[in-house]
Amino acid sequence: MKKFFVFLLILISVIFAACAYVKLRFPLKYAENVKNYAARYNLDESLVFAVIKAESGFDKEKVSHKGAVGLMQIMPKTAEYVSKEFFSGRKFELTNPGDNIELGCFYLAYLAEKFDNRAEILAAYNAGEGNVKLWKSRVKRSLVEEDIPFPETKKYVRKVIRFSKIYSFIHKQQTHADSGEISLLLKNKAVYKSINRIKTRQTNNLMHQKRRA
């Protein structure tokens, strides 16, 4: 039994270390803004976090070499157009996290209305609507990642989708936090099966020793 508890302690320590690393690499900064605007525009929070992570690494002051600004890398001309057409000329400050996330979420929701799947939406966010429409006209169906001819855009789409899966995992952890982090971690099927096998082996050994006695 002692070996089992030592193994269990090591296993839990490794899992905690892995979770701490994931949370460090994938922060939940500006969570209130993300939650509010994702809900307003009917978006997956994990996707919004993933776009912020890929676009700016959560640097609200970031300006790209093309002039895109802030957390979700909004072009000033895009902000101006959206403001005029949809927000009655409201002034958006692109380095303000709330304004930037609202504009980014609005634009993602706008693209979601125009395109068929997540790959198309993200490709349009990165490379523009016109390019995605052109690529779709060539393949004559919905795009998948492999159809994207721009290497940078294909890499971007794959990165954001990968990040969104990680953020989805983190979100599920937080949702079930009231169950206790250790119990949640042990619900992982692979971990649970490993521990169960060890416990069964320990029980069988104990029963065998009793029968021999």
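**Close-up views of a predicted helical chain**

**View 1. Helix α3 has the length that its residue count suggests.** In this predicted model, α3 covers residues 45-56, and its 12 residues should span 16 Å at 1.5 Å a residue. The C-alpha atoms at its two ends lie 17 Å apart, which agrees with that expectation. Look at the start of the helix, where a side-chain oxygen of D44 comes to within 3.0 Å of the backbone nitrogen of S46. At the other end, α3 is followed by G57, which has a positive phi near 60°.

**View 2. Helix α3 is largely enclosed.** How many of the 12 residues of α3 are buried? The count is 11, so the rest of the structure largely encloses this helix. To be called buried, a residue must have under 20% relative accessible area. Follow the helix along and you will meet the buried residues S46, L47, V48, F49, A50, V51, I52, K53, A54, E55 and S56. Notice that the list includes the residues K53 and E55.

**View 3. F26 and F163 meet across the chain.** Searching the whole structure turns up 11 aromatic pairs. One of them joins F26 and F163 edge-to-face, with 5.4 Å from centre to centre and 75° between the planes. These partners come from distant parts of the chain, 137 residues apart: F26 is in the loop between α1 (2-25) and α2 (31-40), while F163 belongs to helix α8 (residues 151-175). Are these two rings buried or exposed? F26 counts as buried because its relative accessibility is 8%, and F163 is buried too, with a relative accessible area of 9%.

**View 4. K53 visits both rings of that pair.** Here we return to K53, one of the buried residues of α3. The charged end of K53 sits over the ring of F26, 4.9 Å from its centre. K53 also lies over the face of F163, at 5.7 Å from the ring centre.

**View 5. F87 and F106 tie a loop to a helix.** F87 and F106 form an edge-to-face aromatic pair, 5.3 Å centre to centre and with 65° between the planes. F87 lies in the loop between α4 (76-86) and α5 (97-114), and F106 in helix α5, so the pair ties together parts that are 19 residues apart in sequence. Both residues are buried: F87 has a relative accessible area of 16%, and F106 one of 14%. Step back a little and you can find a cluster in which ring pairs link Y41, Y81, F86, F87, F92 and F106.

**View 6. Helix α7 keeps its buried residues on one side.** Which residues of α7 (residues 129-139) are buried? They are E129, V132, W135 and K136. These residues cover an arc of only 130° around the axis, which puts them on the same side of α7. Here is a handy idea for reading this view: an α-helix has 3.6 residues a turn, so residues three or four places apart point the same way. On the face turned away from the buried side, look for the exposed residues G130 and R138. Just after the helix, K140 has a positive phi of about 60°.

**View 7. The whole chain puts the close-ups in context.** The secondary structure comes to 10 helices and 0 strands. Of the 213 residues in the chain, 38% count as buried. Among contacts with a separation of 6 or more, 53% are between residues 24 or more positions apart.

How values were computed
Residues are numbered from 1 along each chain as its sequence is written. This is a predicted model: local features need pLDDT of at least 70, side-chain atom pairs count only at pLDDT 80 or more; totals for chains, interfaces and linings use all residues. Side-chain values use heavy atoms; hydrogens and water are left out. Helices (H or I, at least four residues) and strands (E, at least two) are DSSP runs, numbered from the N terminus. The expected span of a helix is 1.5 Å times one less than its number of residues. Buried means under 20% relative accessible area, exposed over 50%, partly exposed in between (1.4 Å probe, protein chains only). A polar contact is a pair of N or O atoms within 3.5 Å; within protein, one must be able to donate a hydrogen and the other to accept it, and residues adjacent in sequence count only if both atoms are side-chain atoms. Rings of Phe, Tyr and Trp (its six-membered ring) pair if their centres lie within 6.5 Å; planes under 30 degrees apart count as stacked, over 60 as edge-to-face and the rest as tilted. A charge sits over a ring if NZ of Lys or CZ of Arg is within 6 Å of the ring centre and within 35 degrees of the ring normal. The arc is that of the directions from the helix axis to the C-beta atoms. Contact means heavy atoms within 4.5 Å.
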